[in-house]
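Please keep the sequence and the model side by side while reading, since the paragraphs below move from strand pairing to the nonpolar cores and then to the charged side chains.

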Amino acid sequence: MISDHAVALIDEDLPSYHSVRRQGRGRIAVVQTHGKSVVRSAYATSPLRLLTPKNHGHAAWIYTSSYGGGLVDGDIVTIQATVGPHAAAFLSTQSATKVYRSPHGTEVELRATVEDGGVLVSMPDAVVCFAGARYRQTQRVNLVGGAGLILLDWMTSGRRESGERWAFNEYLSRTSIHLDGHLKVYDSLALRASDGKLATRLNPYDVLAVVVVIGQLFQEHSEQILAQVQNEEMKRHADRVVTVAPINEVGCVLRIAGRSVEEVDHALRDFLHFVPRFLGDNPWARKW
């Protein structure tokens, strides 16, 4: 287990991109009332937008978006989300997060707290970094008691059809998850063109995904994912590679590398087939 002090030291190694041009802040609070979860408050400043559409289930749905269709150089977006006791929230994006050429960098930060018995399903569309882009992402989630969390973080090689395959300058992602004050997950990914050609190092894959499933509510499903991956036959030059690691009997971390968004999306839906039951509606039903 990594101590909080060690995490702080690691975070200090991340570059700061605070030559700010646009700084968006968002606050979301979801509570349960009369057996249904509702968005009690949602506030955002440009370039961030928050959309709260209705759905057929009992969970509250929130989609993030941005003015201008993506992140431009200097953009910083910070989202603070709170899910109350026994409430359920689905957090996603309106479309893929496009990161345009950004020599000074862009930043996105999610800070979330899920109270006892609450559920947060954070499943954004993939991040797409254009040529010359620099992107930094930080996710910090605090779970209390019997709270449950499904957290997806995934990215593509960029605008492959335009010849921009792994052509961005930098992609940094840090995820930390605490349960009752104890650090359970610390995941870090750093891809830098300065360390060597990304296309060569990551060939033949164009999509990378990490999914964290954690909490007592999802324990049975975590065990099923562990068993499913362990039973899969590993093949050389496979179209996708899947690995999984347990989280001290409270969850698992699933990793997928694939050749296309469709391939990885199909795998995600397969492994996370139980998600609609916890939301009361299927978030993939009207997707694509």
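In this predicted model, Gln 23 has its bridge partner in β5, and that partner is Ile 76. The two residues belong to a pairing between strand β1, which covers residues 23-33, and strand β5, which covers residues 76-83; these strands run in the parallel sense and are joined over eight bridges. In general, the strands of a sheet pair through backbone hydrogen bonds, and the pairing may be parallel or antiparallel.

The pairing of β1 with β5 is one part of an open sheet of seven strands, whose order is β2-β1-β5-β8-β11-β13-β14 and whose pairing is mixed. At the edges of this sheet stand β2 (36-44) and β14, each of which pairs on one side only. Going from strand to neighbouring strand, the average turn of one against the other is 10°, with direction ignored.

From the sheet one can turn to the nonpolar side chains. The largest nonpolar core holds 48 residues, and Leu 143, Phe 168, Ile 177 and Leu 191 are the ones with the most contacts inside it. Ile 177 can serve as an example: leaving aside residues up to four places away in sequence, it touches Val 141, Leu 143, Leu 149, Leu 151, His 182, Leu 183, Lys 184, Val 185, Val 212 and Ile 214. There is also a second core, separate from this one, with 35 residues that include Val 119, Val 121, Ile 225 and Trp 284.

The charged side chains add another layer, for the structure holds ten salt bridges. One of them joins the side chains of Arg 192 and Glu 170, with an N to O distance of 3.1 Å. This pair links distant parts of the chain, since Arg 192 lies in strand β14 (residues 182-192) and Glu 170 in strand β13 (residues 170-179), 22 residues apart. Arg 192 counts as partly exposed at 22% relative accessibility, whereas Glu 170, at 6%, counts as buried.

Strand β14 also carries Asp 187, which forms a salt bridge with Arg 255, the closest N and O atoms being 2.5 Å apart. Because Asp 187 lies in β14 and Arg 255 in strand β17 (residues 251-258), the pair ties together parts that are 68 residues apart in sequence. Here Asp 187 counts as buried, at 10% relative accessibility, while Arg 255 is partly exposed, with a relative accessible area of 36%. Salt bridges can also share partners, and in this way Glu 109, Arg 111 and Arg 140 are joined into one network.

A further salt bridge is formed where the side chains of Arg 159 and Glu 164 meet, at 2.6 Å from N to O. Arg 159 is partly exposed, with a relative accessible area of 32%, but Glu 164 has a relative accessible area of 14% and is therefore buried, the limit for that class being under 20%.

What, finally, is the setting of Glu 233, and is this residue buried or exposed? Glu 233 is found in the loop between α3 (219-231) and β16 (240-246), and at 64% relative accessibility it counts as exposed, because that class begins over 50%. Measuring from C-alpha to C-alpha in the model, Glu 233 and Glu 109, a member of the network described above, are 37 Å apart in space, and they are 124 residues apart in sequence.

Notes
Residues numbered from 1 in each chain as written. Predicted model: local features only at pLDDT ≥ 70, side-chain atom pairs only at ≥ 80, totals over all residues. Heavy atoms only, no water. Salt bridge = Lys/Arg side-chain N within 4 Å of Asp/Glu carboxyl O. Buried < 20%, exposed > 50% of the residue type's maximum accessible area, 1.4 Å probe, protein only. Helix = DSSP H or I, 4+ residues; strand = E, 2+ residues; numbered from the N terminus. Pairing = 2+ DSSP bridges. Axes fitted to C-alpha atoms, helices over the stretch in contact; angles between N-to-C directions. Core = buried A, V, L, I, M, F, W, Y, C linked by side-chain atoms within 4.5 Å. Contact = heavy atoms within 4.5 Å.
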